[in-house]
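These notebook entries record what I looked up, item by item, for a reader new to this structure. I worked from a predicted model.

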Amino acid sequence: MRRLAHAGARAIVDMSYARHFLDFQGSAIPRAMQKLVVTRLSPNFREAVTLRRDCPVPLPGDRDLLVRNRFVGVNASDINYSAGRYDPSVKPPFDAGFEGIGEVVALGLSASTTHTVGQTVAYMAPGSFAEYTVVPASVATAVPSAKPEYLTLLVSGTTAYISLKELGELSEGGRVLVTAAAGGTGQFAVQLAKKAKCHVIGTCSSDEKAAFLKSVGCDRPINYHAEHVGAVLKQEYPEGVDVVYESVGGAMFDLAVDALATKGRLIVIGFVSGYQTPTGLSPVKAGALPAKLLKKSASARGFFLNHYLSEYRAAMDHLLKMYTSGELVCEVDLGDLSAEGRFTGLESVFRAVDYMYMRKNTGKIVVELPHAVNSKL
């Protein structure tokens, strides 16, 4: 028997009746739903992932929520996940997607002590590329409404906040270089470094993105299609930069290493330029790295959000307060400027991933999941 609270009288119901409870808008939770499933391992998202249209809607366990997703976030690492790089022991089929925001439509008895049906929550948990997702109540953050801006904080915002706090050692007047600065996480690294009274340099791929970076406080945007990043850094920052927030990899990583100041700190949060390759890597000049770091008493450190989950809740709370008070811009890209228009429905996740790897996005890529007007049992 599995005990659930439902939207009407919040009754506890037997598992055999689970398909008959109602969601908070009065429409029945359907028997079936759509979701994206990794059906073969590949860094090519379109080859790896299948849209399945007749999957059973899952039931929440005692400490779980059933969330009807309204928006889901797209991350560069979605293709690492579809390639099986994070946990080689997991074999297809498995669910895709890391983060979402939506309404609680059912929940387990223990979960009902902290959450309620009808509440809007944002969460970081596997399986978000679905109409409904079971989410442990412990990882769900209550938010005022289903605004996609809240979703930007879940992975992208917390990655920037925790990594810069734990590894960046930011200080007033420090020089901070952010690569892919107009992307989902780069936008937050720029703003948080400015809040720490640093001088911020940001790389990007267009004049439009450079203008966006200016608008969020970046002191020196560099459009690498118009200027050579290495030449700009050597000419304008001859003493180097104190911190690099690096997510691109390959040649950009090499430039970042060369640009480090004495006692400079390079934080590797990704290497997106290599994710689509069979190995997931892009070549770097690793042979010279020990000598370059030693010569400058510099450091290069990796950051993987899952290793800092003890810091996650405090980071989310802080970022939510910053956004609510108007101190933080959460730029969302829903694909309105893409060739086929807004990213709407699970089928558009494929387009959204392509859009990211074409470097078209400004801010966090988010896909909207409109709710059906009439859900049928």
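**Entry 1: a covered helix**

I began with helix α11, residues 349-357, and found it mostly covered, with 8 of its 9 residues buried. The buried residues are V349, F350, R351, A352, V353, Y355, M356 and Y357. I then looked up what covers them: the list includes β3 (32-38), α1 (45-48), β4 (49-56), α2 (78-82), β17 (332-333) and β18 (364-368). After α11 comes R359, and I noted that its phi is positive, near 60°.

**Entry 2: the nonpolar cores**

I next turned to the largest nonpolar core, which has 51 residues; L153, V178, V190, L213 and F303 have the most contacts inside it. Helix α4 (residues 153-168) supplies the largest share of this core, 8 residues. I listed the contacts of F303, leaving out residues up to four places away in sequence: T159, I162, S163, L167, I267, V268, I269 and Y308. I also found a second, separate core of 26 residues, with L36, L51, V72 and I365 among them.

**Entry 3: the open sheet**

Which strands stand at the edges of the sheet? I read the order of this open sheet of 6 strands as β13-β12-β11-β14-β15-β16, with parallel pairing. The edges are β13 (220-223) and β16 (299-302); each has a single partner strand, so one side of each is left without a neighbour in the sheet. Between neighbouring strands I noted an average turn of 15°, direction ignored. Helix α8 (residues 251-259) packs on the sheet and touches β12, β14 (241-246) and β15 (260-268). Helix α9 (residues 289-296) also packs on the sheet, touching β15 and β16. I recorded directions of about 150° to β15 for α8 and about 130° to β15 for α9.

Methods:
Residues numbered from 1 in each chain as written. Predicted model: local features only at pLDDT ≥ 70, side-chain atom pairs only at ≥ 80, totals over all residues. Heavy atoms only, no water. Buried < 20%, exposed > 50% of the residue type's maximum accessible area, 1.4 Å probe, protein only. Helix = DSSP H or I, 4+ residues; strand = E, 2+ residues; numbered from the N terminus. Contact = heavy atoms within 4.5 Å. Core = buried A, V, L, I, M, F, W, Y, C linked by side-chain atoms within 4.5 Å. Pairing = 2+ DSSP bridges. Axes fitted to C-alpha atoms, helices over the stretch in contact; angles between N-to-C directions.
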